[in-house]
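Reader: I am new to this structure and would be grateful for a close look at a single part of it. Please set that part in the context of the whole.

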Amino acid sequence: MSERRYDPTHGEWVTVATGRQDRIYKPAAAACPLCPTRAAHEPTEIPRGHFEIAVFDNRFPSLSPRPPEPAIPGTDLVPVEPAYGHCEVVVFTDDHDATLADVGVARVHLLVEAWARRVADLGADPGVRYVLPFENKGEAVGVTLHHPHGQIYAYPDVPPRPAREIAAARAHHDRTGRCVFCDVVAAEAGGVREVLAGEHFVAGVPPWARFPYEVDIWSRAHVPSLPELAPEARADLARVLARVLAGYDRYFDVRTSYLLGIHAATTDGADRDVTHLHVEICPPHRGGGKLKYLAGSETFGGAFLTDVAPEVAAERLRAACADATAPA
Ligand SMILES: [Zn+2]
Ligand SMILES: [Zn+2]
Ligand SMILES: [Zn+2]
């Protein structure tokens with residue numbers, strides 16, 4: 001079963017994809033499906049002996065270009081539709097034990113290029129409205145495959161969080177005539193919450209951080225999406241991202257778990273005056289080996305509470321990023 005059901009009480013779609021229960025759960029390194037194929041009789045997802053970046057369809061997709069017919073009929077109250085879309089896996093190293101923080105800037109640059117190309121290709125599908133590249137990293141956020149990898153989901157509509165972001169940006173634009181993210185960059189760059197300054201991107205703990213050590217990486221220029229990013233800006237994004245991730249590992253003194261997602265324009269070209277490319281990185285770490293869990297206020301109130309001042313978190317991460325030597 002793989003279908004979308006509409007929640008009329010919140011105005012959101014939920015995808016029910018039961019095939020995902022059968023996906024491979026924390027395999028041993030010797031059985032890793034994302035390592036290069038070791039022997040012809042035991043093929044992995046990647047039929048090569050060596051690779052830099054590999055992108056392929058998720059074998060356990062929640063959204064697919066040929067979705068099955070829904071198992072239950074939709075009603076006027078709860079519409080049900082086939083779960084159309086795409087789910088891709090992006091493996092960014094053949095080293096089972098590496099992380100995005102230590103593959104090096106050159107490889108992160110290749111990843112940025114791969115993201116840009118996939119966003120353009122998937123966005124060209126007329127059935128797709130929004131493309132979201134993301135990475136779930138580490139057991140603390142529930143990762144089931146340890147081999148370093150990210151994912152790309154192409155949705156048939158704009159998912160709730162980017163939709164709310166676009167609505168807020170539209171309201172700001174109506175009030176001021178400006179892009180809210182351009183205003184954020186002007187306010188935050190060089191300020192107390194800046195973590196790292198690149199030529200084309202700036203990283204900072206946003207004043208409204210939902211996780212104690214959340215870092216957002218904003219394009220300095222008003223660029224709506226990855227494919228529109230100039231070559232030198234793509235290289236700069238890779239440098240800033242690699243250094244922020246290395247700074248996390250240095251600060252927490254562990255291989256930091258995090259959720260990373262890229263927000264950008266919708267694929268239909270609407271709202272380009274208010275959609276502004278940025279990366280959001282949310283580690284669950286609170287320091288001292290403690291983790292932040294989504295609890296009652298966050299889950300039922302949608303209201304985040306954090307216990308570290310963003311200014312303090314930024315000062316700590318700024319020092320850690322300055323010390324961290326991101327591999328070239
Ligand atoms: Zn592996
Ligand atoms: Zn902008
Ligand atoms: Zn965002």
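Author: Helices (H or I, at least four residues) and strands (E, at least two) are DSSP runs, numbered from the N terminus. The model is predicted: local features need pLDDT of at least 70, side-chain atom pairs count only at pLDDT 80 or more, and totals for chains, interfaces and linings use all residues. Residues are numbered from 1 along each chain as its sequence is written, and side-chain values use heavy atoms, with hydrogens and water left out.

The part chosen here is residues 194–319, which the unreviewed UniProt entry annotates as "domain: Galactose-1-phosphate uridyl transferase C-terminal"; UniProt positions are given in the numbering used here, feature names are shortened, and annotations may be inferred rather than shown by experiment. Helix makes up 30% of this span and strand 23%, and its end C-alpha atoms are 11 Å apart.

The protein as a whole has six helices and 14 strands. Its C-alpha atoms fill a box of roughly 50 × 50 × 40 Å along the principal axes. Of its 328 residues, 50% are buried (under 20% relative accessible area, with exposed meaning over 50% and partly exposed in between; 1.4 Å probe, protein chains only).

A residue outside the annotated span offers a point of reference. S2 belongs to strand β1, residues 2–7. With a relative accessible area of 11%, S2 is buried. S2 touches V16, A17, P61, S62, P68 and A83, leaving aside residues up to four places away in sequence; contact means heavy atoms within 4.5 Å. From S2 to H222 the C-alpha distance is 37 Å, with the two positions 220 residues apart in sequence terms.

Conventions: Chains lettered and ligands numbered in written order.
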